[in-house]
Amino acid sequence: MAVLQPAPTPTIDPSNPTILQWDDLGLSLIYDFITEAEEKAMIDAFHAQDPLDEGNQKRRISQHFGYHFDYSTFGASETRFTPVPSYITDFLPRLPVQTYLPDQFTVQYYPPGSGIPPHVDTHSMFAEALYSLSFGSAVPMQFRMMGPNDARKMRLPKRSLQSENAGSGSTSTVPGKQCQRPDEEQPPTWELVLPARSLLLITGPSRYGYTHAIRPRKTDVMDGKTVPRQGRYSITMRTTRRGDEIGCDCAYPGVCDAMIREEMAAGGTSEVRY
Ligand SMILES: [Zn+2]
C-alpha cells in the first residue's frame, strides 16, 4: 500500500482564488466551474438515461458521448459517434485550454465506496490536455509518479494494452508484486481532493509521468475530518488524435506507449530507458 505524502502546495492567484495551480506538474483545479443548478441538471440528465434503480445503485455506470474508443485500432472510432448532450456542450466555451477542445466524453457514476485503478490515459491517442469535471460529491484523486518499475512493466510481453476497469484508452499500471524490486523506493504518491463542481485540468508531467486513481474506500479524510464516501459523478474529457497526429513526443520515454512501440519495432533494447 502506498504511503501518502502531503499534496504539493498550489499557487493561488489572489485575484482569482478559485483557481489552484501546480505549474511544475501541469495541473490546475478550478473550484465552482459549474453552478449547483448545472450540477443538478447533469445528474437528472444522466439518470434519465440510466435510472438509479436497485440494480444500478452499486455499480459504476458509464455513458459515452462524442467519438468512441476503438479497441481494434486503439484510436478514435471513425464510425461510432454519439451526439454530445447540451449539458456538456454548454460549458465547453468555458474550458481553460481552448486549443484542445475535447471530442470524447465519458460521464460516470461512482457508487459510494467505489474507485478506479491507477492508470495513464494513452499518450499516443489523446492530445495533451485531459479534463475531469467532478460533481455530486468530493473525492480524493491519487497521483503517483511513474518510475523504472512502471517502465519495466510496460515492456512485459503480452501486456494488456488497456484495463477494462480503468476505462477506455487507458494503460493500466496496477502495481504487480512479481516485478516490484525490493530495493526500489516508494515513488512520490499524494492525493488531491476534487470538490463537487470542480474542474481538474491535467497536462505536462501529471499527464505523461503520473498515474491517477481513486482508491475504493468507505470513508475519506478531508480537511482533517473523516467523511463517508458518497455517490459521485465525473465527466472525463479527452481530445482524440487521428491520422498523422497519433504519437507522442513527451519527456517520459520510459512510460510512453508511442515510444515503447517504436522501441519494440526497432527490435527492443536490453536496457530500459528512463
Ligand atoms: Zn508520451
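In this predicted model, D121 is a buried residue, its relative accessible area being 3%. Its side chain meets that of R238 in a salt bridge, with an N to O distance of 2.5 Å. R238 belongs to strand β16 (residues 232-238) and D121 to strand β7 (residues 116-121), so this pair ties together parts of the chain that lie 117 residues apart in sequence. Like its acidic partner, which is buried at 3%, R238 counts as buried, here with a relative accessibility of 4%. The contact is one of 11 salt bridges found when the whole structure is searched.

A second pair worth a look joins D220 to R217, whose closest N and O atoms are 3.3 Å apart. D220 is buried, with 2% relative accessible area, whereas R217 is partly exposed at 25%. The two residues do not stand alone: a network of salt bridges links E191, R217, D220 and R229.

The third pair takes us into helix α5, which spans residues 257-265. There, R261 forms a salt bridge with D257, and 3.3 Å separates the closest N and O atoms. The two residues are four positions apart in the helix, which means that about one helical turn lies between them. Their surroundings can again be described residue by residue: D257 is buried, with a relative accessible area of 4%, while R261 is partly exposed, with a relative accessibility of 43%.

Definitions and conventions. Residues are numbered from 1 along each chain as its sequence is written. This is a predicted model: local features need pLDDT of at least 70, side-chain atom pairs count only at pLDDT 80 or more; totals for chains, interfaces and linings use all residues. Side-chain values use heavy atoms; hydrogens and water are left out. A salt bridge is a side-chain nitrogen of Lys or Arg within 4 Å of a carboxyl oxygen of Asp or Glu. Buried means under 20% relative accessible area, exposed over 50%, partly exposed in between (1.4 Å probe, protein chains only).
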